[in-house]
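Biologist: I would like to learn how to read a protein model, one feature at a time. Could you walk me through one?
Modeller: Gladly; let us look at it together.

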Amino acid sequence: MLGEKIRGHGHRSVLPFRAMPAEVGLLRQAAVAQLGRWGMRRAVEEVELVVTELATNVIKHVGEGASATLVLEWKGERLRVEVHDKSRSAPSLSVADCDDECGRGLHLLAAVTADWGTVLTEAGKSVWCEIALGSDRSCRRLERAAAALENYGALGDMVQGGRLSDTTMKTSAVELIADLLHLTAACGLDPEDVLDRAQTHYEAEEGVAA
């Protein structure tokens, strides 16, 4: 893997990898380690999800063993995550079937990132996401959760008499959490471990806020 390059007021890291299931976890660890070297731990959770989804999509849609490159670029209030591969077939946010983990994953990416897209290159394509870094952590969590539920078609039905419907909120939240656990399992992670870690994060942050 290549090292870090400094560009003006930003940082850029280029990490070549092979699209293999066993490599996804190592790539995720390398990305988190790079954030640590930059002293930017606040984006770890988003980056882990983005890297896992983009690398897994290369395996599924370009082919196992394909060569690809992860690029992390931090500049100002945005962290840009790119995965380059040699296929010119672009992913799309079509309506996912019940068993379509890839489709669900792209909707989740759209929910947790500020923006995303695909750029065709001479060698193939680049799928990119941008993560906003400037807002308060607790506010970002609420914004991401609301955006995720909106992608599930929930928020349009929630407001009743000027307030949120508790039943709709609970149902949509449970469906979102279940889909996240399905996604982590599809990416080779342990859903129970992910759920335990999320609960730990939640309880720790609630303790700080109290």
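**Reading charged pairs and strands**

Modeller: Let us begin with one residue: Asp85 is buried, because its relative accessible area is 6%. Keep in mind that this is a predicted model.

Biologist: Which residue forms a salt bridge with Asp85?

Modeller: Here is the general idea: side chains of opposite charge can pair when their charged atoms come close. In this structure, the partner of Asp85 is Lys125, and their closest N and O atoms are 2.9 Å apart. Asp85 belongs to strand 4 and Lys125 to strand 6, so this salt bridge ties together parts that are 40 residues apart in sequence.

Biologist: Is Lys125 buried or exposed?

Modeller: Lys125 is buried, since its relative accessible area is 5%. The cut-off to remember is that a residue counts as buried under 20%.

Biologist: How many salt bridges are there?

Modeller: The count comes to five. Another one is formed by the side chains of Arg78 and Glu130, at 2.7 Å from N to O. Arg78 lies in strand 4 (residues 78–85) and Glu130 in strand 6, so parts that are 52 residues apart in sequence are tied together.

Biologist: What other salt bridge does Arg80 bring in?

Modeller: Arg80 also forms a salt bridge with Glu130, with 3.0 Å between the closest N and O atoms. That pair again links distant parts of the chain, as Arg80 is in strand 4, Glu130 is in strand 6, and they are 50 residues apart.

Biologist: How should I read the accessibility of these three residues?

Modeller: Take them one by one. Glu130 has a relative accessible area of 18%, so Glu130 is buried. Arg80, at 21%, is partly exposed. Arg78 is partly exposed too, with 36% relative accessibility.

Biologist: Which residues are joined into one network by salt bridges that share partners?

Modeller: After Asp85 and Lys125, the latter buried at 5%, turn to the network: Arg78, Arg80, Glu82 and Glu130 are joined by salt bridges that share partners.

Biologist: Strand 6 keeps coming up. How do I read its place among the strands?

Modeller: Look at which strands pair with it, and in which sense. Strand 4 and strand 6 are antiparallel and pair over eight bridges. Strand 5 (residues 115–120) also runs antiparallel to strand 6 (residues 125–132), and six bridges join them. Strand 5 and strand 6 make a hairpin, with four residues between them.

Biologist: Which residues stand opposite Cys129 in strand 6?

Modeller: Val81 stands opposite Cys129, and so does Trp116. For another example, Val119 has Ser126 of strand 6 as its bridge partner.

Biologist: Why is strand 6 described as largely enclosed by the rest of the structure?

Modeller: Count its buried residues: seven of the eight residues in strand 6 are buried, so the strand is largely enclosed by the rest of the structure.

Biologist: What about aromatic rings? How many aromatic pairs does a search of the whole structure find?

Modeller: The search finds one aromatic pair. The partners are Trp38 and Trp74, whose rings are 6.1 Å apart centre to centre, with 40 degrees between the planes, and the pair is tilted. Trp38 sits in the loop between helix 1 (21–37) and helix 2 (44–61), while Trp74 is in strand 3 (residues 67–75), so to speak linking distant parts of the chain, 36 residues apart. Both Trp38 and Trp74 are buried.

Biologist: Could you show me an exposed residue for contrast?

Modeller: Try Gln29, which is found in helix 1. Gln29 counts as exposed because its relative accessibility is 55%. Between the C-alpha atoms of Gln29 and Val51 there are 9.8 Å in space, and the two residues are 22 apart in sequence.

Biologist: Finally, how do I read the chain as a whole?

Modeller: Start with the elements: the protein chain has seven helices and eight strands. Of its 210 residues, 39% are buried. The chain exposes about 11600 Å², and carbon and sulfur atoms supply 54% of that area. For contacts between residues at least 6 apart in sequence, 63% join residues at least 24 apart.

Terms used. Residues are numbered from 1 along each chain as its sequence is written. This is a predicted model: local features need pLDDT of at least 70, side-chain atom pairs count only at pLDDT 80 or more; totals for chains, interfaces and linings use all residues. Side-chain values use heavy atoms; hydrogens and water are left out. Two strands pair if DSSP finds at least two bridges between them. Helices (H or I, at least four residues) and strands (E, at least two) are DSSP runs, numbered from the N terminus. Buried means under 20% relative accessible area, exposed over 50%, partly exposed in between (1.4 Å probe, protein chains only). Contact means heavy atoms within 4.5 Å. Accessible areas come from the Shrake-Rupley method with a 1.4 Å probe; for residues, only the protein chains shown count as cover. Rings of Phe, Tyr and Trp (its six-membered ring) pair if their centres lie within 6.5 Å; planes under 30 degrees apart count as stacked, over 60 as edge-to-face and the rest as tilted. A salt bridge is a side-chain nitrogen of Lys or Arg within 4 Å of a carboxyl oxygen of Asp or Glu.
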